[in-house]
Amino acid sequence: VRIAIVGWEEGLAGQVSTWIETAMQCSIEYYVHPNDTFPIISAKDALARPAKNFSFPVNGMYLNLPMIISKDWLKRLAELNIEGVVCCLSNSQERESIYRELVKSDIALLTAVHPSAQVLGGAEIKPGCILEPNTYVGYRAEIGVCTHVKVGSQVDHHSVVGDFSEIGPGALIAGNVLVGEHSKIHLGSTIINRVSVPRNTTVGAGANVVKTYQDEGLTLIGNPAKPMSK
Ligand SMILES: CC(C)(COP(=O)(O)OP(=O)(O)OC[C@H]1O[C@@H](n2cnc3c(N)ncnc32)[C@H](O)[C@@H]1OP(=O)(O)O)[C@@H](O)C(=O)NCCC(=O)NCCS
């Protein structure tokens, strides 16, 4: 299967590129920036990182493959006989617009599951999700469309994670939890069982959410987690 990856961020597209061809028996042919203009990337900024081995797009290429830089990316992919797309964009609104375009097309929105991910019986992983290495999705849990479950995180039994959300590295979501769509549950945070957080919630790194919140758009931090003052 010939596929394209939408996105070119090292922490997402770069990482997924290292395992998806083996895991899904596919071949990555292109990276896509779904816009006509490309952000200016300063090589100095891009390389100002602890690791020196870091890639970024140069002259329309990323990781030695050509990029498609166009709002007409779907038409271009169809002309190039691309059969499927993995959406590796970190911005959840952008993921939603890619999803809306793809569902109207003949190109498949692929779900990428690393071979070390564990998905228990009755769990539902909706289209466009990425399950990174060592993730766990429990019995009858539901992961919404284009949701990213990042390395080492867990979503336990009967929990529901809304569309276009992100469960950060090492985050722990207990059973019977509801996470609203477009939420970000960051690095190493926890949400205890039978708690709900609405749409567009951010749970800060290391926070421990122990009660339900009703207001959308909150950032919850600390233990027990409380809304961050604006
Ligand atoms: C919660 C978060 C989103 C807030 O970001 P922000 O609005 O830019 O916050 P700031 O960095 O301006 O910090 C504001 C204050 O909150 C504190 N704070 C920030 N994040 C916090 C956290 N997770 N827990 C406790 N306190 C936190 C800061 O120390 C700072 O306190 P001060 O005003 O007393 O100095 C962010 O800090 C966070 O947790 N990000 C997660 C990153 C992550 O998990 N990345 C993984 C990528 S895969």
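How far is the sulfur of Cys-129 from the closest cysteine sulfur? The distance is 7.1 Å, and the partner is Cys-146. That is too far for a bond, because a disulfide needs the two sulfur atoms within 2.5 Å. This is a predicted model, and the cysteines are a good way into it.

Take Cys-146 next. Its nearest cysteine sulfur belongs to Cys-87, 5.3 Å away. Cys-146 is in no disulfide. The search of the whole structure agrees: it finds zero disulfides. Both residues are hidden from solvent. Cys-129 is buried, with a relative accessible area of 0%. Cys-146 also counts as buried, at 0%.

Now the aromatic rings. Three aromatic pairs turn up in the whole structure. One of them joins Tyr-31 and Tyr-62. Their ring centres are 4.9 Å apart, and the planes meet at 85°, which makes the pair edge-to-face. Tyr-31 sits in strand E2, whereas Tyr-62 sits in strand E3, residues 61–62. The pair therefore ties together parts that are 31 residues apart in sequence. Tyr-31 and Tyr-62 are both buried.

Another pair is formed by Tyr-99 and Phe-164. This pair is edge-to-face too, with 5.7 Å from centre to centre and 70° between the planes. It links distant parts of the chain, 65 residues apart. Tyr-99 belongs to helix H5. Phe-164 lies in the loop between strand E15 (160–161) and strand E16 (166–167). Are these two residues buried or exposed? Tyr-99 counts as buried because its relative accessibility is 17%, and the cut-off is under 20%. Phe-164 is buried as well, at 1%.

Phe-164 leads on to His-182, since the two are in contact. His-182 is in the loop between strand E18 (178–179) and strand E19 (184–185). Its relative accessibility is 5%, so His-182 counts as buried. What does His-182 touch, leaving aside residues up to four places away in sequence? Its contacts include Asp-163 and Ser-165, on either side of Phe-164 in the numbering. Ser-92, Gln-93 and Glu-96 are also among them. Arg-199, Asn-200 and Thr-201 complete the list. Ser-70, by contrast, is 25 Å from His-182, C-alpha to C-alpha, and 112 residues away in sequence.

Helix H5 appears again in the pockets. The largest pocket has a volume of about 290 Å³. Two elements give two or more residues to its lining: strand E2 (27–33) and helix H5 (92–103). H5 supplies the largest share, four residues. Strand E2 is also the strand that holds Tyr-31, and H5 is the helix that holds Tyr-99. In total, 16 residues line this pocket. Those nearest its centre are His-33, Pro-34, Asn-35, Leu-89 and Glu-94. By class, the lining of the largest pocket has six nonpolar, six polar and four charged residues.

The second largest pocket holds about 180 Å³ of space. Its lining has 13 residues. Closest to the centre are Trp-8, Ile-41, Arg-49, Phe-54 and Phe-56. How does this lining divide by class? Nine residues are nonpolar, one is polar and three are charged.

Note on methods. Residues are numbered from 1 along each chain as its sequence is written. This is a predicted model: local features need pLDDT of at least 70, side-chain atom pairs count only at pLDDT 80 or more; totals for chains, interfaces and linings use all residues. Side-chain values use heavy atoms; hydrogens and water are left out. On a 1 Å grid over the protein atoms alone, a cavity is a set of points where a 1.4 Å probe fits but cannot get out, and a pocket is an open set with protein on both sides within 12 Å along at least five of seven lines; lining residues have an atom within 4 Å of a point. Grid points are joined across faces, edges and corners, and a volume is the space filled by probe spheres set on the points. Ala, Val, Leu, Ile, Met, Phe, Trp, Tyr, Cys and Pro count as nonpolar, Asp, Glu, Lys and Arg as charged, and the others, Gly among them, as polar. Buried means under 20% relative accessible area, exposed over 50%, partly exposed in between (1.4 Å probe, protein chains only). Rings of Phe, Tyr and Trp (its six-membered ring) pair if their centres lie within 6.5 Å; planes under 30 degrees apart count as stacked, over 60 as edge-to-face and the rest as tilted. Contact means heavy atoms within 4.5 Å.
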